[in-house]
Amino acid sequence: MIHFNNAGCGLLARPVLQAMLDHLELEARIGGYEASAARAEEVRDFHASIAELIGCAPGNIAFAGSATHAYTKALSAIAFEPGDVILTTRNDFISNQIAFLALRRRHGVEIVHAPDLPGGGGVDIDAMAALMRSRRPRLVAVTHVPTNSGLVQPVAEIGRHCRELDLLYLVDACQTVGQYEIDVNEIGCDLLTATCRKFLRGPRGSGFLYVSDRVLRAGFEPLFIDMYGARWVEPGRYRPVETAARFEEWEFPYATLLGCAAAVRYALDVGLGPISRRTPALGDRLRDRLAAIPGVRVLDRGPRPAALVTFEISGWDAEPFKQAMDTRGINSALSFREFAQFDFADKDVDWALRLSPHYYNTEAEVDAVAETVADLADKQG
Ligand SMILES: Cc1ncc(COP(=O)(O)O)c(C=O)c1O
């Protein structure tokens, strides 16, 4: 099997799996509450390790069950009013776009999409900055790398404009945490969301939300806050806790938290520097090989794409093509027009296959996958 679906879910490293198995065994043996108390220090490493990974304090991190869970919690903290503007891009993640549309329906916000550079190499920063000045958005929301292509958006440059204009800035870093070095101060974001299961190689059902000190001090809190996120100080009043824990709930999947902490420590040991060089380089190698195959059109744009390699292949429908890859032992993922209404319309494609290697994949695997695609291009489903 060749696992080229790391943008879906990375493979667990052995210590990650072991951390979770050990905890489940402890829960079965001594009780769930007692097990989390016994491992309290290791559990705290969930926040500490992620803080180390993205350059903040543990108190800026909240656990979430997924990147989407983190994202909607963050959105729920913003008291949108009719006419408020959300400024985003044409390459934002599908679920974020649906959430904005839901906010439009319920609260009458306006969604503004900054234009792309000519040729579609990512957002036009100057045009986006001009929109920031003219529209004064309530929120600037950018996906670092969308799910449907390897495009890397210039999140730090956008962040500099947000800081200059004092605008609230939310970054979806779901595909980049674990693939690149991420520094929230360099990005200048107020809120950042990610999952642990993709390039971080953590367990499914986990993610996190970064909340800046600025946002915490300003009193942002999720719409629904529970007894963990707030103190019920008197019958008619509650007070949110000081840290990003106000975005968490009382109940945690402790084995998952321990698995995430182990995954982050593992990534830090391997080193985000080497990972961020090798992983996109494997993607580049694959892109080059695929681009040389007649009938294949590589779809990723932008100067330095991430390790999400997307392409269309003539003569094939989506499902049979993915199935043909599956039966040849190659893990991949499909993206459809619905995932990327702007991007796929611009590229004039209805679907694309996504191959996403990670640092543990090899050059030989890249070449074998490209040969398989070439073979299938000849056969035409
Ligand atoms: C860019 C991006 N954002 C958000 C998500 C959603 O992550 P989750 O499934 O953890 O909610 C994904 C998942 O593929 C993604 O690629």
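Visitor: Is F252 buried or exposed in this structure?

Guide: Burial is judged by relative accessible area, and a value under 20% counts as buried. In this predicted model, F252 has 6% relative accessibility and therefore counts as buried.

Visitor: Which residue forms an aromatic pair with F252, and how should such a pair be read?

Guide: A pair of aromatic rings is described by the distance of the centres and the angle of the planes. The structure holds 11 aromatic pairs. In one of them, Y228 and F252 lie 5.3 Å apart, centre to centre, with 75 degrees between the planes, an edge-to-face arrangement. This pair links distant parts of the chain, since its two residues are 24 residues apart. Y228 belongs to the loop between helix 9 (213-217) and strand 9 (230-234), and F252 to the loop between strand 10 (237-240) and helix 10 (254-270).

Visitor: Is Y228 buried, partly exposed or exposed?

Guide: Values between the limits of 20% and 50% count as partly exposed. Y228 has a relative accessible area of 30%, so this residue is partly exposed.

Visitor: Which residues form a cluster through ring pairs?

Guide: The cluster consists of F46, F63, Y228, F252 and Y254, linked by ring pairs.

Visitor: Which residue other than glycine has a positive phi of about 65 degrees, and where is it placed?

Guide: That residue is R201. R201 sits in the loop between strand 7 (191-195) and strand 8 (207-211). With 11% relative accessibility, R201 counts as buried. A further case is D348, which is not a glycine and has a positive phi near 55 degrees. Its loop runs between helix 13 (341-347) and strand 15 (351-355). D348 is exposed, with a relative accessible area of 58%.

Visitor: How should the radius of gyration of the protein chain be read?

Guide: The value is set against that of a compact globule. For 381 residues such a globule would have a radius of gyration near 21 Å, and the protein chain agrees, with 21 Å. Its C-alpha trace spans about 70 × 60 × 35 Å along the principal axes.

Visitor: How many helices and strands does the protein chain contain, and what is known of its contacts and burial?

Guide: The protein chain has 14 helices and 15 strands. Of its contacts between residues at least 6 apart in sequence, 70% join residues at least 24 apart. Of the 381 residues, 57% count as buried. The chain exposes about 16,300 Å², and carbon and sulfur atoms supply 52% of this area.

Visitor: How far apart are the mean positions of the positive and negative charges?

Guide: The mean positions of the 40 positive and 50 negative charges lie 2 Å apart.

Technical notes:
Residues are numbered from 1 along each chain as its sequence is written. This is a predicted model: local features need pLDDT of at least 70, side-chain atom pairs count only at pLDDT 80 or more; totals for chains, interfaces and linings use all residues. Side-chain values use heavy atoms; hydrogens and water are left out. Helices (H or I, at least four residues) and strands (E, at least two) are DSSP runs, numbered from the N terminus. The radius of gyration is taken over C-alpha atoms; the globule rule is 2.2 Å times the number of residues to the power 0.38. Buried means under 20% relative accessible area, exposed over 50%, partly exposed in between (1.4 Å probe, protein chains only). Contact means heavy atoms within 4.5 Å. Accessible areas come from the Shrake-Rupley method with a 1.4 Å probe; for residues, only the protein chains shown count as cover. Lys and Arg count as positive and Asp and Glu as negative; His and the chain ends are not counted. The place of a charge is taken as NZ of Lys, CZ of Arg, CG of Asp or CD of Glu. Rings of Phe, Tyr and Trp (its six-membered ring) pair if their centres lie within 6.5 Å; planes under 30 degrees apart count as stacked, over 60 as edge-to-face and the rest as tilted.
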